[in-house]
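Here is a short briefing on one protein model. Look over the sequence and the 3D view before reading on.

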Amino acid sequence: MDIDTFINNYREAFGQQTELPIAFWYSDRPEAPTEKVSGCFFKSMAQVRSGKTISLNAETIGCGGGKFYTGFTDMPEHVPGFVSLKEKYKKTPEMVVDFIQEIQVPKAEKAWLHFTRIDNLVSFDKAEGILFLATPDVLAGLTTWAFFDSNAFDMVSAPFGSGCCSVVTQTVLENRKQGKRTFIGFFDPSVRPYFEADLLSFTIPMSRFKEMYHTMRESCLFDTRAWDKIKDRIQNARKETTPFNHLNISFEIRPDISLREVTIEDATAIYHAIDTHRDYMRTWLPFVDNLKSAADEESFLKGVLSVPADSYEPIFGIWNKQNEICGLVGFHFSDFANHRTEIGYWLLPEYQHQGIMTACVRRLCQWAVEAKDIKRIQIRCATGNTASNGIPVRLGFRLEGTERAGELLASGEYADIHVYSILKEELMEQQIQLNEHNKQEYPPMHTTEHIVNQTMIRLFGCGRSVSAHIERKKSKLDYRLNACPTEEQIKSLEEAVNEVIARHLPVTTEFITQEEAKGRFDLERLPEDASETVRVVKVGDYDECLCIGTHVANTSEIGTFKIISHDWDEESKRWRMRFKLV
């Protein structure tokens with residue numbers, strides 16, 4: 001089977017602009033660095049659809065159900081109760097257990113699961129299945145094609161289940177028994193927000209695709225008037241679709257809270273959150289009274305998302321680990337010519353007073369100055385809204401003044417508005433440097449330093465390095481130890497560091513307050529005039545520390561760690577280790 005031939009046939013059958021399908025497969029090595037995905041991993045399909053490859057494993061999949069249905073872990077104990085009592089997809093937890101036992105989810109035989117568009121594949125040989133994201137018209141063509149050479153009533157099946165179950169589990173099971181069934185999916189309401197309202201999944205296991213590959217041109221998809229009419233409608237529908245801006249940005253704020261850029265499909269969830277808290281929210285948010293339906297929210301989001309890309313101001317949903325909306329935070333009233341923007345936000349009452357919104361605003365301020373080169377960020381708060389005013393104050397914004405009668409509230413009264421701002425350089429000053437790294441380090445070396453520090457702690461029970469000199473070609477670290485390490489211990493250290501590097505761990509950052517850092521980090525080395533905000537660098541689940549240096553995005557970028565020399569000072573009990581990366 002030739003990939004280019006299939007792509008040409010597929011585009012001839014469904015139109016040149018039709019979205020290409022996605023292949024997925026397992027292997028023992030990652031294909032691309034992928035950050036941990038909080039919640040449903042199908043939110044990462046936006047990256048795949050744009051041409052990127054993602055590699056998932058037990059560590060990068062944040063959803064317990066996702067880990068289970070992809071075969072990486074056993075079923076979490078909470079799943080039956082959660083699916084039944086919280087999501088209400090089954091009447092009882094016992095029904096969930098019976099459903100799962102009936103499926104017999106296969107264990108993953110390899111460590112990584114990959115997704116990529118088929119035009120990135122070299123060969124179909126390694127694929128488990130092919131995933132099509134299909135509108136009703138495309139789905140009609142795929143279904144008709146699947147039945148072309150078969151009268152089996154279950155040739156196209158539509159079992160209900162999670163997105164990962166209907167796409168991955170069912171397809172893998174069918175492929176490994178050389179079965180012929182294909183699967184329609186994405187009926188699960190939990191996965192639907194990550195795709196357009198008119199899309200379902202259609203997945204073909206490779207055991208069946210190998211046959212269908214040869215029948216496409218024989219089927220009704222070629223040289224029939226009926227299908228030609230449908231193909232024209234598919235193409236015309238794509239031309240009429242307004243392109244929406246979407247940067248596919250998301251941030252994990254903490255294990256149970258994430259920020260994700262909103263899409264049109266989020267309109268219903270956002271409206272429901274506002275509508276169920278309407279009396280509370282209308283006190284300070286005048287727009288609430290004008291929001292009368294999900295269609296109103298959808299219209300608002302379309303307006304936000306359909307502006308020219310150079311004027312686009314992203315809005316982010318705040319989501320909990322059950323993929324429920326907690327609030328919104330985003331940019332508005334931006335003046336990009338002068339590198340200015342304003343941040344607005346709201347949070348449902350049950351999520352307040354937990355530091356969530358402060359952490360979200362902090363993260364977006366950092367993104368704005370780093371990714372969008374914003375010079376000035378402004379926040380406006382009604383003077384009587386104590387909770388809202390607390391956020392810019394905690395984040396080091398400066399109160400510039402008060403707008404008298406700055407906003408007409410739903411009550412009919414005018415509220416005075418406090419105006420806060422922070423400048424790029426003031427924000428950057430908050431990213432304090434906690435060790436001796438006073439210059440721009442070579443990122444692979446600097447990340448390796450973090451891994452070595454944690455490995456020394458685990459192997460020798462010592463502290464992090466007491467001094468460091470990090471360079472591109474070679475670096476050195478000093479440690480306080482009770483005795484000089486033996487050659488065997490040094491070899492074990494080298495092997496342990498390389499084992500961590502080989503795990504391809506994501507390297508991420510977060511910003512917290514000094515108060516939040518107490519008990520979690522040693523703050524004794526902070527300067528007396530240190531800012532309230534500190535930066536945490538995490539190497540997967542292996543190490544975290546306060547740091548301002550530059551790092552790789554994934555340990556797969558590092559290379560191999562090699563200790564090239566070492567010496568011991570008996571008087572000071574100092575062990576110096578020199579290393580390089582090869």
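The points below cover a sheet, some aromatic rings, one asparagine and two unusual backbone angles.

This is a predicted model. One open sheet has 7 strands with mixed pairing. Across the whole structure, a search finds 24 aromatic pairs.

**The sheet**

- The strand order is E2-E3-E1-E4-E7-E6-E5.
- Strand E2 (54–56) and strand E5 (156–157) stand at the edges. Each has a single partner strand, so one side of each is left without a neighbour in the sheet.
- E2 and strand E3 (residues 112–117) run antiparallel, and 3 bridges join them.
- Within this pairing, Leu56 is opposite Leu113 in E3.
- Helix H6 (residues 136–146) packs on the sheet. H6 touches strand E4 (129–134), E5, strand E6 (182–185) and strand E7 (200–205). The directions of H6 and E7 make an angle of about 25°.
- In general, strands of a sheet pair through backbone hydrogen bonds, either parallel or antiparallel.

**Aromatic rings**

- Tyr26 and Phe72 form one aromatic pair, with ring centres 6.0 Å apart. Their planes meet at 65°, so the pair is edge-to-face; the cut-off for that label is over 60 degrees.
- This pair links distant parts of the chain, 46 residues apart. Tyr26 is in strand E1 (residues 22–27). Phe72 is in the loop between helix H3 (64–69) and helix H4 (79–86).
- Are Tyr26 and Phe72 buried or exposed? Tyr26 is buried, at 10% relative accessibility. Phe72 is buried too, at 17%.
- One aromatic cluster includes Phe6, Tyr10, Phe14, Trp145 and Trp227. Phe132 and Phe202 are also among its members.

**Asn389**

- Asn389 is in helix H14 (residues 386–394).
- With a relative accessibility of 8%, Asn389 counts as buried, because the cut-off for buried is under 20%.
- Which backbone oxygen does the side chain of Asn389 reach? It is that of Asn385, at 2.7 Å.
- Leaving aside residues up to four places away in sequence, Asn389 touches Cys381, Ala382, Thr383, His418 and Tyr420.

**Two positive phi angles**

- Gln104 has a phi near 60°, a positive value in a residue other than glycine. Gln104 is in the loop between helix H5 (93–103) and E3. Its relative accessible area is 55%, so Gln104 is exposed.
- His504 has a phi near 55°, again a positive value in a residue other than glycine. His504 is in the loop between helix H17 (487–501) and strand E18 (507–513). At 22% relative accessibility, His504 is partly exposed.

Note on methods. Residues are numbered from 1 along each chain as its sequence is written. This is a predicted model: local features need pLDDT of at least 70, side-chain atom pairs count only at pLDDT 80 or more; totals for chains, interfaces and linings use all residues. Side-chain values use heavy atoms; hydrogens and water are left out. Two strands pair if DSSP finds at least two bridges between them. Helices (H or I, at least four residues) and strands (E, at least two) are DSSP runs, numbered from the N terminus. Contact means heavy atoms within 4.5 Å. Axes are lines fitted to C-alpha atoms, for helices over the stretch in contact, and angles run from 0 to 180 degrees between N-to-C directions. Buried means under 20% relative accessible area, exposed over 50%, partly exposed in between (1.4 Å probe, protein chains only). A polar contact is a pair of N or O atoms within 3.5 Å; within protein, one must be able to donate a hydrogen and the other to accept it, and residues adjacent in sequence count only if both atoms are side-chain atoms. Rings of Phe, Tyr and Trp (its six-membered ring) pair if their centres lie within 6.5 Å; planes under 30 degrees apart count as stacked, over 60 as edge-to-face and the rest as tilted.
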